[in-house]
Amino acid sequence: GTQARLAAALAGLTRNGGTVQWQISRGVYAELDLAAVGAFADAAFAHVQACFANSKALALALQATTTAE
């Protein structure tokens with residue numbers, strides 16, 4: 001997925017420097033350097049962690065309402 005591609009781009013840029021071509025959307029590309037890819041990776045990580053935290057909170061709330069007393 002996207003996180004794996006970001007990790008690969010970060011690794012490549014860290015080793016080799018330069019820039020990578022990144023497909024932003026169909027037919028739209030951008031040239032990104034290490035700082036830009038790092039910013040995208042940080043944002044993706046934060047988003048995924050927020051989703052997991054929300055999912056956990058919802059699961060716990062659901063468990064609390066369905067636990068028989």
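In what order do the elements of the chain run from the N terminus on? They run α-β-β-α, and the model you have open is a predicted one. Colour by secondary structure and you should find two helices and two strands.

**Start with the whole chain**

Show the C-alpha trace and turn it slowly. Along the principal axes, the C-alpha atoms fill a box of roughly 60 × 30 × 15 Å. The radius of gyration is 18 Å, whereas a compact globule of 69 residues would have one near 11 Å. Now switch on the surface: about 5,300 Å² of the chain is accessible, and carbon and sulfur atoms supply 60% of that area. Buried residues make up 14% of the 69 residues.

**Select residues 2-16**

This is helix H1, with 15 residues. Place a distance label between its end C-alpha atoms and you should read 21 Å, which agrees with the 21 Å expected at 1.5 Å a residue.

Next, show the side chains and pick out Leu-6, Ala-9, Gly-12 and Leu-13, which are buried. Look down the axis of H1: these buried residues fall within an arc of 130°, so they line one face of the helix. The spacing helps here, because an α-helix has 3.6 residues a turn and residues three or four places apart point the same way.

Which residues are exposed on the other side of H1? Select Ala-4, Ala-8, Thr-14 and Arg-15 to see them.

Before leaving this helix, click on Gly-17. Gly-17 comes just after H1 and takes a positive phi of about 70°.

**Add residues 20-25 and 28-32**

These are strand E1 (20-25) and strand E2 (28-32). Keep H1 on screen as well, since both strands are among the partners that its buried residues pack against, and helix H2 (34-66) is another.

**Finish with residues 34-66**

Here is H2, a helix of 33 residues. Repeat the end-to-end check: the end C-alpha atoms lie 48 Å apart, and 1.5 Å a residue predicts a span of 48 Å, so the two agree.

Which residues of H2 are buried? Select Val-37, Gly-38, Ala-41 and Ala-44. With their neighbours displayed, you can follow how the buried residues of H2 pack against H1, E1 and E2.

For a last view, draw the contacts across the whole chain. Of those with a separation of 6 or more, 31% join residues 24 or more positions apart.

Definitions and conventions
Residues are numbered from 1 along each chain as its sequence is written. This is a predicted model: local features need pLDDT of at least 70, side-chain atom pairs count only at pLDDT 80 or more; totals for chains, interfaces and linings use all residues. Side-chain values use heavy atoms; hydrogens and water are left out. Helices (H or I, at least four residues) and strands (E, at least two) are DSSP runs, numbered from the N terminus. The expected span of a helix is 1.5 Å times one less than its number of residues. Buried means under 20% relative accessible area, exposed over 50%, partly exposed in between (1.4 Å probe, protein chains only). The arc is that of the directions from the helix axis to the C-beta atoms. Contact means heavy atoms within 4.5 Å. The radius of gyration is taken over C-alpha atoms; the globule rule is 2.2 Å times the number of residues to the power 0.38. Accessible areas come from the Shrake-Rupley method with a 1.4 Å probe; for residues, only the protein chains shown count as cover.
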